[in-house]
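Biologist: I should be grateful for a close look at one part of this model. Please take a single helix, and set out how it is placed and what surrounds it.

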Amino acid sequence: MIGVDELVRRFAELNSVELARWIENRWVMPESEGERWVFHEVDVARVELILDIRREFAVDDEAMSLVLRLLDQVYSLRRQMRRLCDALEQQPPEVRDAIRRALPTARRDSA
Amino acid sequence: MAVETPYEVLGVKPNASADEIRKAYRKLAKEFHPDLNPGKPAAEARFKAVSAAHELLSDPEKRARYDRGEIDESGAERPRYSYRPHAEGAQGWKYRPEGEADIGDLDDLFAMFGRGGGAAGARGGSRGGGRSGEGFSMPGPDRHYSLTIDFVRAATGGKERLGLSPSEWLDVTIPPGIEEGQILRLKGKGGPGFGSAPPGDALIEIHIAPHPFFRREGEDIHVELPVSLAEAVLGARVPVPTVTGPVTMTIPKGSDTGAQLRLRGKGIHRRRQGKEVTGDQYVTLKVVIGASDDPELAKFLEDWAEKHPTDPRHAMGQGTAQGAAA
């Protein structure tokens, strides 16, 4: 867990004004501890992700909101899928087999 | 405090040009050069720091990598915080898109399941949403937060502010005696609902920071209280901190380290399962000699020990008394 100062010092590309804007936009959601913000590992990783996207793809603020929203949806779907798979994993073998048989095989010509 | 950045070492801005960096380096290198500061280790250390900072920043490749957070001040690789394992791990829930189903709810997938992609909202109906002729309504998503509060606030309760963004706050009432990991639900403080449906709730997970001297067991507070040799032997009235402020306590004459005194009703006062409960504070004494190299005390103890031979280790068995006399 680190604070704003440490985070800004860590990434020379990042300044505290834009970090405040990111928090305002809910791109990054640090925990508040009284009057100060505390960034967990997931938040630091997210800051790094935003910096990477901005640098590599020259993405501006407006496009960044869209990119993050889409990314969050993808990760959300992956988490949901993971939970569904975990639930399937716990079923008896005959149920798993039945589901496996019922899954349509992906075929190139099916589209 | 945090390590100085190479920019801070050279006293330049992070967007300084190569020329500015070179000038700053030359100036500082002259100032702190070991030959000009013989016998001054501080200057030598500074000179090394300045040289290291210049070495990093004068190389455009290294400087760019440092700026991107790929290497640290010493030029060593930093561990990359890849986002994906975080996003898919337990912490990733925090960044789920608004409107996504709650944790513990596979609403989205169940809505697809069994209806062949038909109308959604059958489950939503139980939460007050659902579909109607006029359009779609769905309750707003719950939002999850975590809030760290200090030990005393957790014990006595009170108001805390939870910052949602630099300009948005939630006022949270902490009930007395709240416990680590407890979740407070603020109704209607989550994400907005769709259509005519109500907003979601804010769910706040409470964490309690440890206290330097208080410890909690249920409703009771434990504290170790240092007392002087004189206070222990002669007895005294001393102030003792409690979660509701200091109180005065009598140390009985002839107390010893480990003695436990109880301050009745000075623990946590709270409602539990509909009943008012009040804990106590337990104070464990710890004798601190302090002036152990005091010649007057040593002189007194020499005479005293001769007349009062004792072995505090007698319960530990044979052979331990030897050391006491030496």
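Modeller: The account below takes one helix of chain A and then turns to the interface and the cores. The model is a predicted one, and every value given here is computed from it.

Helix 3 of chain A runs over residues 41-57. With 17 residues at 1.5 Å a residue, the helix should span 24 Å, and its end C-alpha atoms are indeed 24 Å apart, so the expected and modelled spans agree. Just after this helix, Ala58(A) adopts a positive phi of about 50°.

Helix 3 of chain A is mostly covered, with twelve of its 17 residues buried. The buried residues include nonpolar ones such as Val44(A), Val47(A), Leu49(A), Ile50(A) and Leu51(A). Charged residues are also among them, including Asp43(A), Arg46(A), Glu48(A) and Asp52(A). Within chain A, the buried residues of helix 3 pack against helix 1 (4-10), helix 2 (16-24), strand 2 (36-38) and helix 4 (61-89). From chain B, helix 5 (83-88) also packs against them.

Asp43(A), one of the buried residues of the helix, also takes part in a link to the other chain. Asp43(A) forms a salt bridge with Lys94(B), in which the closest N and O atoms are 2.9 Å apart. The count between chain B and chain A is two salt bridges. On the side of chain B that touches chain A, the elements giving two or more residues are helix 1 (6-10), helix 4 (60-67), helix 5, strand 3 (143-149) and strand 4 (158-165) of chain B. In the interface as a whole, 48 residues of chain B are in contact with 37 residues of chain A. The two chains bury about 4,200 Å² between them, 53% of it on carbon and sulfur atoms. Ten residue pairs are found in polar contact across this interface.

Strand 4 of chain B contains Glu160(B). Glu160(B) is buried, because its relative accessible area is 13%, under the 20% cut-off. Its side chain makes a polar contact with the side chain of Arg153(B) at 3.0 Å. Among the residues that Glu160(B) touches are Leu147(B), Ile149(B) and Ile174(B).

Leu147(B), Ile149(B) and Ile174(B) are also among the residues touched by Ile206(B). In the largest nonpolar core, which has 36 residues, Ile204(B), Ile206(B) and Leu225(B) touch the most other members. A second, separate core of 27 residues includes Phe11(A), Met29(A), Trp37(A) and Tyr83(B).

Technical notes. Residues numbered from 1 in each chain as written. Chains lettered and ligands numbered in written order. Predicted model: local features only at pLDDT ≥ 70, side-chain atom pairs only at ≥ 80, totals over all residues. Heavy atoms only, no water. Core = buried A, V, L, I, M, F, W, Y, C linked by side-chain atoms within 4.5 Å. Buried < 20%, exposed > 50% of the residue type's maximum accessible area, 1.4 Å probe, protein only. Contact = heavy atoms within 4.5 Å. Helix = DSSP H or I, 4+ residues; strand = E, 2+ residues; numbered from the N terminus. Expected span 1.5 Å × (residues − 1). Buried area = accessible area lost by both parts, 1.4 Å probe. Salt bridge = Lys/Arg side-chain N within 4 Å of Asp/Glu carboxyl O. Polar contact = N/O pair within 3.5 Å; in protein donor to acceptor, adjacent residues only side chain to side chain. Lists of a residue's contacts leave out its neighbours within four places in sequence.
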